[in-house]
Every structure is written in structure tokens, then in C-alpha cells.
Amino acid sequence: MVIVFVVLVLAVMVTANWYVWRRLFRDTSSGPGWVRRAGAALIAGGWLLAFAALVAERTGAPFWLQQVLAWPGFLWLALSMYLLLALLAGEALRPLLRRLLERRKPAEAPVRQAEPVPVGAPSSPEPEGPLLVAAPSRRLFVSRVIGGAAAAAAVGTVGIGTYGVLNGPSVKRVTVPLAKLPRAAHGYRIAVVSDVHLGPVLGRGFAQRVVDTINSTRPDLVAVVGDLVDGSVRDLAPAVAPLRGLDAPAYFVTGNHEYFSGAEQWVEEVRRLGLLPLENARTELPWFDLAGVNDIAGEEEGQGPDFAKALGDRDPARACVLLAHQPVQIHDAVEHGVDLQLSGHTHGGQLWPGNLVAAGANPTLAGLERYGDTQLYVSRGAGAWGPPTRVGAESDITVIQLASRQA
């Protein structure tokens with residue numbers, strides 16, 4: 001079954017890339033030549049860079065090599081997707097544009113027969129006026145218009161989406177009432193930051209921007225709910241160093257990407273920076289319990305989530321806020337009487353229409369929803385994985401303001 005799936009995926013990818021090459025390069029050129037060859041080289045080279053970037057990140061290749069490959073390789077992933085979508089959208093316009101051109105076709109001028117020239121007579125002078133050159137066929141013209149528009153739309157979409165990520169996350173504010181929260185804690189602010197994904201693309205400068213944004217909200221507590229990094233402590237220690245500058249007490253739980261990057265080392269590193277890791281653990285704050293569970297990906301290393309360890313033997317009369325990277329952990333949270341779960345992981349889909357896939361794999365894609373007596377808030381995340389690009393899913397840092405119903 002795995003082989004069949006791989007073959008099907010490869011067949012779809014080959015067909016999609018052939019279609020992009022055909023519409024962008026073959027149909028827009030008048031014949032075989034350098035344009036078609038350059039187009040084939042561009043598409044093949046883009047995918048080779050993307051594959052190399054993914055392999056380099058996962059295998060711990062030298063960090064300088066990861067950085068060299070990451071930008072062009074990951075951006076190609078986003079660009080190729082939007083090229084395909086734009087060209088497919090152009091198929092609907094193709095017949096309309098042809099029909100419009102046919103209606104505006106000028107009447108053909110009558111062809112004048114050339115008069116015979118006697119032998120020995122001087123040749124007649126060249127006719128006055130501009131030399132008329134045969135225009136490209138309507139089919140070629142339409143292909144060039146649609147191909148050019150699709151390329152411009154794809155480049156523009158990726159460019160704007162990349163600028164949005166590099167410019168840093170916006171601040172989102174959400175009020176969450178908790179029935180068990182005492183009046184003294186009314187207005188308590190928790191800054192939720194997830195999915196920063198520091199790595200070969202987003203580095204120390206981006207981390208500093210995230211820290212500055214968090215501090216500007218003046219939270220009472222910072223909750224880092226996983227996927228902070230994509231890489232080893234050896235490579236990324238300088239990138240995460242700005243976290244030491246957080247003004248409020250900060251707590252951390254692992255995400256799936258920490259387990260790709262050496263979770264145990266990262267737990268110790270964030271502890272060294274002043275954050276408190278909650279590894280299936282709970283701390284009793286003055287007005288509510290704050291708990292955290294490991295990510296599901298830790299199960300392969302014997303470090304998976306343990307809700308009983310984190311939440312057992314606690315006073316059920318106290319409000320409880322749980323940090324858990326993936327929204328799917330909400331079902332266990334409900335069973336253990338959690339009042340509010342804070343999660344990330346989904347990126348809000350990151351690249352439209354990826355939100356349709358992410359929504360099918362997660363109980364909540366983004367925002368606040370209620371599951372029985374438990375509320376779940378899912379952040380879209382501060383950074384981006386793979387392409388440093390977001391389309392239709394703006395990055396954010398959310399300030400959760402707790403509200404007491406006793407106030």
C-alpha cells in the first residue's frame with residue numbers, strides 16, 4: 001500500500017509540473033528553443049532545491065548549507081503551488097479571451113496581385129509605409145497573456161505572504177471567561193506564542209521581534225506552546241537567545257518539531273534561558289493551576305503526553321489552564337476537567353487552500369471553541385514552517401485575557 005501511495009503521489013507531481021511547464025513555457029513560445037529548455041531547468045532545479053532543503057534540515061547537515069538551500073528551496077514550494085493554482089484558474093478565462101479576440105478581428109484586406117516585370121526593366125522601388133509583420137496567432141497570444149498573468153499573480157502572492165511573515169506577528173486579543181476563576185484574577189493576561197519555527201530561515205532577528213512584541217503587550221504570563229525551533233541547540237542557540245529578554249514569567253511545552261530537533265536538549269536550553277518547561281507537570285499559581293503535557297510526537301521516544309501525571313490529584317475547585325501543542329489533545333483535556341486548553345500546531349493552514357486540509361485534521365483550526373465544559377484556543381502561530389510565507393492565515397501572538405464570572 002505504501003508503494004502504491006508513493007507511486008500515485010509521484011504521478012500527480014509529475015503531471016502537475018508537466019502542466020505548469022506546458023502552460024508557462026511550451027504554449028508561450030513559438031517553437032522549440034532556449035525558452036522551453038530554461039523552463040524545464042527552472043522547474044526541475046526548483047524541486048531539487050526544495051528536496052535538498054528538506055533533507056538537509058532533517059539530517060542535521062551543516063547549518064550554513066541548510067541556510068543556503070532553505071530560502072530558494074522552501075520558497076519554490078510556495079511558488080510552484082500558486083503557479084499551478086493560477087494557471088488552473090486561467091483555464092476558465094482562456095476560451096473567453098479567445099472569443100473576445102475573434103469578435104474584434106479586423107476584416108481581411110484584399111490581396112493585390114503583383115504585376116509582371118519585363119526582363120531587363122529596373123526593379124520598382126520599395127512601397128512606402130511601415131513593413132507589415134505577421135502577428136502571433138490568437139492561441140499564442142492568449143497563452144502568453146494568461147501565462148504572464150499567472151506568473152505575476154503567483155510571484156505577487158508569495159512575495160506579499162513572505163513579507164507578512166518577516167514583518168513579524170500581529171497581536172490578537174481574546175477574552176475568555178472561566179467559571180472557577182476568582183475575582184482577584186479578573187483581567188489576568190496570558191501571551192500565547194506558538195510555532196515560531198526558528199531555523200535556517202527565521203533566526204535571531206525574528207526571535208527578537210517576537211520577544212519585543214510579547215513584551216509590548218505587558219502580559220502577566222507567557223505560554224510558549226511548542227514548535228519553537230527547527231534544528232539543534234548547537235546551531236540555534238544564538239537564535240533563541242533573545243527569549244532571555246521576556247519580561248513576564250514564561251512556561252514552555254514541547255511541540256512535534258522539538259522531537260525532530262532533540263527535545264531533551266531543547267528542554268534544558270529553554271530552562272537555561274529562564275523559561276520553565278512543563279513536562280507532563282503542573283504548577284499552582286495563586287489563582288489557577290497551570291499544567292502542560294508533552295506533544296504526541298514524544299510517544300516514539302517514550303516521552304508522550306501523560307495527562308494523569310500532569311492533572312491528577314489536583315483540586316477540581318480551582319480553574320485549570322493546560323498548555324498542549326496539538327488541538328487534538330482536547331479530548332483528553334475534557335476528560336480531566338481542564339477549563340482552558342491553549343494550543344498551536346495548525347498555523348491556521350498557513351498557505352491557502354491548506355486550511356481545508358488542516359481543518360480536516362484538527363478539531364479546531366484557529367480561534368476559540370468550546371468542548372463541553374472545556375474551552376480550546378488555537379493560535380495560528382508566530383512564524384512559519386517550510387516556506388516563510390503565509391497566505392490567508394496571518395501570523396499572530398494572542399493575548400488571552402481571563403475573565404472571572406464572579407466579577
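Where in helix 3 does a kink of about 40° lie? Look at A92: the kink sits there, shortly before the proline P95. Keep in mind that you're looking at a predicted model.

**Helix 3 from end to end**

Helix 3 covers residues 63-103, which makes 41 residues. At 1.5 Å a residue, those should span 60 Å, and the end C-alpha atoms are 59 Å apart, so the two values agree.

**Where helix 1 meets helix 3**

Helix 1 takes up residues 2-26, and its axis comes within 10 Å of the axis of helix 3. The two axes cross at roughly 55°, and the two helices are therefore oblique to each other. The crossing is left-handed. On the helix 1 side, the contact is made by A16, Y19, V20, R23 and L24. Helix 3 brings L83, L84, L87, L88, E91 and R94 to that contact. Why might the numbers in such a list jump by three or four places? An α-helix has 3.6 residues a turn, so residues three or four places apart point the same way.

**The sheet**

Now over to the strands. Six of them form an open sheet with mixed pairing, in the order 1-12-2-3-4-5. Strand 1 and strand 5 are the edge strands, and each pairs on one side only. Here are those two:

| Edge strand | Residues |
|---|---|
| Strand 1 | 170-178 |
| Strand 5 | 276-277 |

Which strand does strand 1 run parallel to? That's strand 12 (residues 396-404), joined to strand 1 by nine bridges. To find one bridge partner yourself, start at R173 and look for V399 in strand 12.

Definitions and conventions. Residues numbered from 1 in each chain as written. Predicted model: local features only at pLDDT ≥ 70, side-chain atom pairs only at ≥ 80, totals over all residues. Heavy atoms only, no water. Helix = DSSP H or I, 4+ residues; strand = E, 2+ residues; numbered from the N terminus. Expected span 1.5 Å × (residues − 1). Bend = angle between axes of the 7 residues up to and from the residue. Pairing = 2+ DSSP bridges. Axes fitted to C-alpha atoms, helices over the stretch in contact; angles between N-to-C directions. Parallel < 35°, antiparallel > 145°, perpendicular 65-115°, else oblique. Left-handed = near helix turned anticlockwise from the far one by under 90°. Contact = heavy atoms within 4.5 Å.
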